[in-house]
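The report below is meant to be read with the sequence and the coordinates side by side. Please keep both open while following the elements and residues that it picks out.

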Amino acid sequence: MDKSKPVNTFKIMRFFLIIVVIYLLLTNYDMDHSGIPQTLDPPAVDVLGEDRGEGNFVGIQPFMEPIDYASDSNFFRKLDHYFAVAQSQQLFNEKSIVVLPEHIGTWLVAQNERNLVYTSDNIEEAMRAVVIRNFLGFLPEYFSADEEDQAKSALFRVKSAQIAITYTRVMKSLSSKYNVTVVGGSLILPNPKVEEDSLILEGGALYNSSLVFYPNRSIDQKITKKAFPVVDEQSLLASAKPDGLPVYKTLAGNLAVMICADSWYPSAYESAQKKGATLLAIPSYSAGDDLWSTKWQGYNGAPNPIDVDTTDIGDITEEMAWLKYSMSGRAQKTGIKNGINVFLRGNFWDMGSDGKTISLRQGGLKVNDASQKASITCLWF
């Protein structure tokens, strides 16, 4: 005869309920971000050429900080600050194309989190706090992830729906408010697509993706997905096909968008040329403070194209390599005369950032001074 005590289901349920309540209390306090100020410093403004009625690029190189991603209102406020400066300088018209940098939307992964995420000076500590607060959703995503970096994959997937909503809301608002076309930098999402002017997440592989927004609040159905992720990205991101590079029809001309490293590969330019691109926008991010002054370590993540001078590796600087092997060294061979390359700058915990806006205007090259934290470059066609 079994004389063990019967299991008290009610007590077990009450125990787990108490645990859940304690967890929610511990992970949802300290959520008032109003005490952490946003920096809205005036950007440097550089104007190349004059308005001839043919349109222009307005490359916005913002200086972003973690608190700028705390909410959709903070994200909008920071970017709106730069758009307002450009408008005050009379840089916008109906043919204007505003270009934002790579990963401008990626750090929305930090949205709606505890203040620790925004005050920490360590990326691992900040992201660990995001994981803990989202642990119930994070855990199943972690164990089902196909990517090598399961933790990062799970983190982006569990926040992806919120990221997509905030990103599209803000980009639509900016393009509509200022009556301009916006190349919305880039962000990491699971296999995104556009349906009825909404960003839909189909699930599957994660891509570094760029979208184009129009003044009527519509989103172009074509999405640019990064084809050549660098080594640090390959444990997380899938690669798109270089010949799948879309070209967007704008009032100023046919626009190709290449995300950062893609602009170093001839196959991207061949695709753009075949599709009739006349304009080129390159959203970029260079991680690490003062990276551009260090010696170039060669191509990262894919084999060197055949036209690369391997003696440059370890000899020229990172900045010199950008000028030789990216837009300025390759675009003119395809007939593209006007292009702009903007970099994400900011205080991203301890990750660092570097890069200067590069402009190509009618074959002439201009590199912006990086002494300012933020800059706006207008390139009239």
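What follows describes a predicted model, taking its sheets and a helix before turning to individual residues.

**The sheet of six strands**

An open sheet of 6 strands runs in the order β1-β17-β2-β4-β5-β8, and its pairing is mixed. At its edges stand β1 (44-48) and β8 (212-213), each of which pairs on one side only. Within this sheet, β2 (residues 56-61) and β4 (residues 96-99) are paired in the parallel sense over 4 bridges, and one of the residue pairs involved is G59 with its bridge partner V99 in β4. In general terms, the strands of a sheet pair through backbone hydrogen bonds, in either a parallel or an antiparallel sense.

**The sheet of three strands and helix α6**

A second description concerns an open sheet of 3 strands, ordered β6-β7-β9, in which the pairing is antiparallel. Because β6 and β9 (224-225) stand at the edges with a single partner strand each, one side of each of them is left without a neighbour in the sheet. The antiparallel strands β6 and β7 (residues 198-210) are joined by 8 bridges, and P192 has L201 in β7 as its bridge partner. Helix α6 packs on this sheet, where it touches both β6 and β7, and its direction makes about 135° with that of β7.

Helix α6 itself covers residues 150-178, a run of 29 residues, and reaches 40 Å from its first C-alpha to its last, which is close to the 42 Å expected at 1.5 Å a residue. The helix nevertheless carries a kink of about 55°, centred on S160. After α6 comes N179, whose phi is positive, near 55°.

**Strands β11 and β12**

Strand β11 (residues 253-257) is joined to β12 by 3 bridges, and the two strands run parallel; A256 has L280 in β12 as its bridge partner. How much of β12 (residues 279-284) is buried? With 6 of its 6 residues buried, β12 is largely enclosed by the rest of the structure. Both faces of the strand are covered, since L279, A281 and P283 on one side and L280, I282 and S284 on the other are all buried. This division follows a general pattern, in which the side chains of a regular strand alternate between the two faces of the sheet.

**Four loop residues**

The accessibility of four residues that lie in loops is set out here.

| Residue | Loop | Relative accessible area | Class |
|---|---|---|---|
| S186 | between β5 and β6 | 0% | buried |
| I259 | between β11 and α8 | 0% | buried |
| S326 | between α9 and α10 | 1% | buried |
| K275 | between α8 and β12 | 37% | partly exposed |

S186 counts as buried because its relative accessible area, 0%, lies under the 20% cut-off. Its side chain makes a polar contact of 2.8 Å with the side chain of N208. Beyond four places in sequence, S186 touches residues that include P101, E102, H103, I104, G105 and T106, as well as N208, S209, S210 and I259.

The contact between S186 and I259 also appears from the side of I259, whose contacts beyond four places in sequence include E102, S186, N208, S209 and S210, together with T224, K225, K226 and P283. The C-alpha atoms of I259 and R361 are 19 Å apart in space, and these two residues are 102 residues apart in sequence.

S326, in the loop between α9 (318-325) and α10 (327-330), has its side chain joined to that of S263 by a polar contact of 2.7 Å. Among the other residues in contact with S326 are W264, Y269, I282 and N341, and I282 belongs to the buried residues of β12.

K275 is partly exposed at 37%. A polar atom of its side chain lies 2.6 Å from the backbone oxygen of L245, and K275 touches D243, G244, L245, P246 and V247 when residues up to four places away in sequence are not counted. The C-alpha atoms of K275 and S71 are separated by 38 Å, and the two residues lie 204 residues apart along the chain.

Definitions and conventions: Residues are numbered from 1 along each chain as its sequence is written. This is a predicted model: local features need pLDDT of at least 70, side-chain atom pairs count only at pLDDT 80 or more; totals for chains, interfaces and linings use all residues. Side-chain values use heavy atoms; hydrogens and water are left out. Buried means under 20% relative accessible area, exposed over 50%, partly exposed in between (1.4 Å probe, protein chains only). A polar contact is a pair of N or O atoms within 3.5 Å; within protein, one must be able to donate a hydrogen and the other to accept it, and residues adjacent in sequence count only if both atoms are side-chain atoms. Contact means heavy atoms within 4.5 Å. The expected span of a helix is 1.5 Å times one less than its number of residues. The bend at a residue is the angle between axes fitted to the seven residues ending there and the seven starting there. Two strands pair if DSSP finds at least two bridges between them. Axes are lines fitted to C-alpha atoms, for helices over the stretch in contact, and angles run from 0 to 180 degrees between N-to-C directions.
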